[in-house]
Amino acid sequence: MKPQPPLNTNRPLAREHYEEFRAFLEKACGIVLGDNKQYLVTSRLARLLGEYKVDNLHQLIELMRGSSQRGLREAVVDAMTTNETLWFRDTHPFNILRDKLLPELQRSSNGPIRIWSAACSSGQEPYSISMIAEEARAAGFGASKQPVEIVATDLSKSMLEACKAAEYDQLSLSRGLSPERLQRFFEPVVADRWRVKREIRQRVRFQPLNLLDSYLTLGKFDIIFCRNVLIYFAGERKLDILWRMHANLKPGGHLILGASEGLTDVGDYYQMVQCNPGIIYRAT
């Protein structure tokens with residue numbers, strides 16, 4: 001068999017193929033691609049185009065429409081929604097959690113403190129939250145205080161499996177994680193790979209969730225982290241997500257967004273709280 005030439009990821013996409021793919025992705029997971037993201041799409045899907053021996057996005061979409069191609073559809077969404085992240089990204093939300101929210105909740109809660117990490121990607125956010133909870137406990141909360149439970153969700157099932165394994169290479173560990181926290185909360189596995197220690201892992205429960213679907217089975221939360229996610233959704237879908245997250249917050253619970261994200265048209269549901277530095281939102 002004559003070998004196939006390598007895919008040229010620099011070749012521009014046909015406009016109609018790009019528009020067709022944009023419509024598929026928005027329907028599948030709510031993400032809205034901009035007008036000039038053709039290179040991003042081509043580069044992220046190059047491996048799948050080669051693996052399934054198709055030449056363009058139109059052929060890939062036609063293949064996905066087959067009733068037996070659920071795995072391909074999931075792989076395409078995985079490729080387009082998997083993003084790199086950092087440990088303790090932006091710092092301020094984790095300082096607010098440690099210095100303000102956890103102490104307040106430990107004084108007022110009658111049950112476990114529940115935190116949701118939405119769109120948790122490769123697991124750095126929920127594990128960072130768990131490290132903060134462990135540091136707070138060691139600093140004086142004591143064993144008799146309320147335990148912290150963390151639910152971490154993501155659209156990508158393959159990414160969630162990697163999260164559960166809780167193993168990271170040296171490069172990913174160098175992004176936002178201090179040497180002190182590395183030594184305290186990780187154990188070496190092989191070569192340059194480290195695993196999150198059990199006391200940090202056991203607070204976190206991972207499960208698949210599309211943010212367009214129902215959140216009812218998740219229960220109520222004291223805090224929701226939904227950071228650097230809403231920027232990918234169109235206005236109406238974004239508002240719908242914010243309203244439904246409000247329904248999953250306990251009275252007076254807090255929503256924490258990304259540094260570049262803010263709330264509009266939901267003033268009846270959330271009140272801005274200035275934390276100096278940083279801003280969070282309280283459910284009204």
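Here is a short chat between a student and a tutor about this predicted model.

Student: What makes up the protein, in helices and strands?
Tutor: You'll find eleven helices and ten strands in the protein.

Student: How do you know that the radius of gyration agrees with a compact globule?
Tutor: Set the two values side by side: a compact globule with 284 residues would have a radius of gyration near 19 Å, and the protein has 21 Å, so it agrees. As for its extent, the C-alpha trace spans about 70 × 50 × 35 Å along the principal axes.

Student: How many of the residues count as buried?
Tutor: The cut-off is under 20% relative accessible area, and 47% of the 284 residues in the protein are buried.

Student: Why are α2 and α4 called oblique to each other?
Tutor: Look at the angle: helix α2 (residues 38–51) and helix α4 (residues 70–81) pack at about 140 degrees, with their axes 9 Å apart. Roughly antiparallel needs an angle over 145, and roughly perpendicular runs from 65 to 115. The angle of about 140 degrees fits neither of those classes, and therefore the pair is oblique. As for handedness, α2 passes α4 in a right-handed crossing.

Student: Which residues meet where α2 packs on α4?
Tutor: From α2 come Val 41, Arg 44, Leu 45 and Leu 48, and they meet Ala 75, Val 76, Ala 79, Met 80 and Thr 81 in α4.

Student: What classes of residue are in that contact of α2 with α4?
Tutor: Seven are nonpolar, one is polar and one is charged. Arg counts as charged and Thr as polar, while Val, Leu, Ala and Met count as nonpolar.

Note on methods
Residues are numbered from 1 along each chain as its sequence is written. This is a predicted model: local features need pLDDT of at least 70, side-chain atom pairs count only at pLDDT 80 or more; totals for chains, interfaces and linings use all residues. Side-chain values use heavy atoms; hydrogens and water are left out. Axes are lines fitted to C-alpha atoms, for helices over the stretch in contact, and angles run from 0 to 180 degrees between N-to-C directions. Helices (H or I, at least four residues) and strands (E, at least two) are DSSP runs, numbered from the N terminus. Angles under 35 degrees count as roughly parallel, over 145 as roughly antiparallel, 65 to 115 as roughly perpendicular and the rest as oblique. A crossing is left-handed if the near helix is turned anticlockwise from the far one by less than a right angle, and right-handed if clockwise. Contact means heavy atoms within 4.5 Å. The radius of gyration is taken over C-alpha atoms; the globule rule is 2.2 Å times the number of residues to the power 0.38. Buried means under 20% relative accessible area, exposed over 50%, partly exposed in between (1.4 Å probe, protein chains only).
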